[in-house]
Amino acid sequence: MDDDQPPQDSKLTRSKEAWARSGKFLTGETSRPESERLPPGQHLTRDWPVLDLGLKPDVSREDWRLRIDGLVSRPATWSFSALLAQPQSTPVSDIHCVTTWSRYDNHWDGVLTRDVVLAVAPRDEARFVVLHSYDGYTTNLAIDDFAHEGALLAHGWEGAPITAEHGGPVRLVVPHLYFWKSAKWLKRIEFVAVDQPGFWEERGYHNRGDPWGEERYS
Ligand SMILES: Nc1nc2c(c(=O)[nH]1)N[C@H]1C(S)=C(S)[C@@H](COP(=O)(O)O)O[C@H]1N2
Ligand SMILES: [Mo]
């Protein structure tokens with residue numbers, strides 16, 4: 001799908017835009033007691049819900065390519081085997097989705113975004129990244145959030161390949177922010193100087209999305 005053609009707004013998109021307008025799920029609690037693992041307004045699930053625009057791109061490991069470009073000294077295009085040739089890590093983290101479900105202790109396999117940054121060497125002007133996905137979805141992050149501890153390009157979950165419905169072959173996981181920042185079916189990481197709001201950020205969702213500050217909506 002073309003990066004320049006955002007997916008058509010669906011019924012789901014319209015209802016989530018309405019939640020942003022009305023502040024649905026906001027509790028007004030923004031403190032973070034050290035003992036509290038669950039952010040305000042969230043509830044725990046044991047299963048892993050599927051949430052996306054419904055386009056479900058079907059990309060095999062053989063056909064998958066990741067372009068890493070923009071303001072970097074060493075732009076790269078990685079095949080799946082090139083991704084496996086990067087340093088591999090196995091972080092464990094919690095998921096917090098803005099629709100109020102959280103899931104603890106997810107075991108990931110993949111390449112830390114810190115190691116991606118080391119590989120491509122962003123130029124001094126680079127301050128943000130735009131994530132582009134095979135379904136036309138986009139989302140934006142400051143480089144410090146992209147390269148935050150525990151964030152990775154994930155190809156495995158609980159010892160098995162990430163399934164297509166959860167964004168396989170490769171998705172981003174940024175565990176310290178709401179899960180809409182974790183782009184599924186990752187296709188391109190673009191380093192930019194000026195922040196560019198993505199699909200949900202343009203539709204009433206917060207530009208950063210910290211669950212502990214309940215940064216749900218803009
Ligand atoms: N490419 C792509 N990535 C996406 C989305 C999407 O529609 N397309 N939805 C986001 C949202 S809103 C959420 S909550 C999570 C859901 O991931 P999951 O289906 O694996 O739970 O993916 C995020 N990443
Ligand atoms: Mo979401």
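**Exercise 1. Lys56 and its partner**

Task: Decide whether Lys56 is buried, partly exposed or exposed, and find the side chain that meets Lys56 in a salt bridge.

Solution:
1. This is a predicted model, so every value below is computed from predicted coordinates.
2. Lys56 has a relative accessibility of 39%. Buried means under 20% and exposed means over 50%. Lys56 therefore counts as partly exposed.
3. The partner is Asp52. The N to O distance in this salt bridge is 2.8 Å.
4. Now take the accessibility of the partner. Asp52 stands at 18%, so it counts as buried.
5. The pair thus joins a partly exposed lysine to a buried aspartate.

**Exercise 2. The surroundings of Asp52**

Task: Place Asp52 in the chain, then list what the side chain of Asp52 reaches.

Solution:
1. Asp52 sits in the loop between β1 and β2, where β2 covers 65-70.
2. Its side chain makes a polar contact of 2.8 Å with the side chain of Lys56.
3. A polar contact of 3.0 Å links the side chains of Asp52 and Lys184.
4. Leave out residues up to four places away in sequence. Asp52 then touches Leu12, Glu165, Lys184 and Trp185.
5. Lys184 appears again beside the ligand. It is listed with Pro49, Asp135, His166 and Arg171 as coming nearest to ligand 1.

**Exercise 3. A lysine without a salt bridge**

Task: Which side chain of opposite charge is nearest to Lys16, and how far away is it?

Solution:
1. Start with the position. Lys16 belongs to helix α1, residues 11-22.
2. Lys16 is buried.
3. The nearest side chain of opposite charge is Asp52, at 9.3 Å.
4. A salt bridge needs the nitrogen and the carboxyl oxygen within 4 Å. Lys16 has no salt bridge.
5. What does Lys16 contact instead? Beyond its neighbours within four places in sequence, the contacts are Leu51, Thr99, Trp200 and Tyr205.

**Exercise 4. Salt bridges elsewhere**

Task: How many salt bridges does the structure hold, and which parts of the chain does the pair of Arg37 and Asp105 link?

Solution:
1. The count is 11.
2. In general, side chains of opposite charge can pair when their charged atoms come close.
3. Arg37 and Asp105 form one salt bridge, with their closest N and O atoms 3.0 Å apart.
4. This pair links distant parts of the chain, 68 residues apart. Arg37 lies in the loop between α1 and β1 (43-44), and Asp105 lies in strand β5, residues 101-112.
5. Check the accessibility of each partner. Arg37 is partly exposed at 37%. Asp105 is partly exposed at 39%.
6. Compare another pair. Arg216 and Glu214 meet in a salt bridge of 2.9 Å, N to O. Both of these residues are buried.
7. Finish with a network. Arg67, Asp69, Arg188 and Glu190 are joined into one by salt bridges that share partners.

**Exercise 5. Around ligand 1**

Task: Find polar atoms of Trp48, Pro49 and Leu53 that lie by oxygen atoms of ligand 1, then state how much of the ligand's accessible area the protein covers.

Solution:
1. There are 21 residues around ligand 1.
2. Trp48 offers a polar side-chain atom, 3.0 Å from a ligand oxygen.
3. Pro49 offers a polar backbone atom, at 2.7 Å from an oxygen of ligand 1.
4. Leu53 has a backbone N or O atom 2.9 Å from an oxygen of the ligand.
5. On its own, ligand 1 has 530 Å² of accessible area, and the protein covers 99% of it.

**Exercise 6. Unusual backbone geometry**

Task: What kind of peptide bond joins Gly168 and Pro169, and what is the sign of phi at Trp185 and at Glu214?

Solution:
1. Recall the general pattern: most residues other than glycine have a negative phi, and most peptide bonds are trans.
2. The bond between Gly168 and Pro169 is cis, with omega about 10°. Pro169 lies in the loop between β9 (160-161) and β10 (171-173).
3. Trp185 has a positive phi of about 45°. It is found in the loop between β10 and β11 (186-192). Its relative accessibility is 1%, so Trp185 counts as buried.
4. Glu214 also has a positive phi, near 45°. Glu214 lies in the segment after β11. At 7% relative accessible area, Glu214 is buried.

Note on methods
Residues numbered from 1 in each chain as written. Chains lettered and ligands numbered in written order. Predicted model: local features only at pLDDT ≥ 70, side-chain atom pairs only at ≥ 80, totals over all residues. Heavy atoms only, no water. Helix = DSSP H or I, 4+ residues; strand = E, 2+ residues; numbered from the N terminus. Buried < 20%, exposed > 50% of the residue type's maximum accessible area, 1.4 Å probe, protein only. Lys, Arg positive; Asp, Glu negative; His and termini not counted. Contact = heavy atoms within 4.5 Å. Near = heavy atom within 4 Å. Polar contact = N/O pair within 3.5 Å; in protein donor to acceptor, adjacent residues only side chain to side chain. Areas by Shrake-Rupley, 256 points an atom, 1.4 Å probe, with all protein chains shown as cover.
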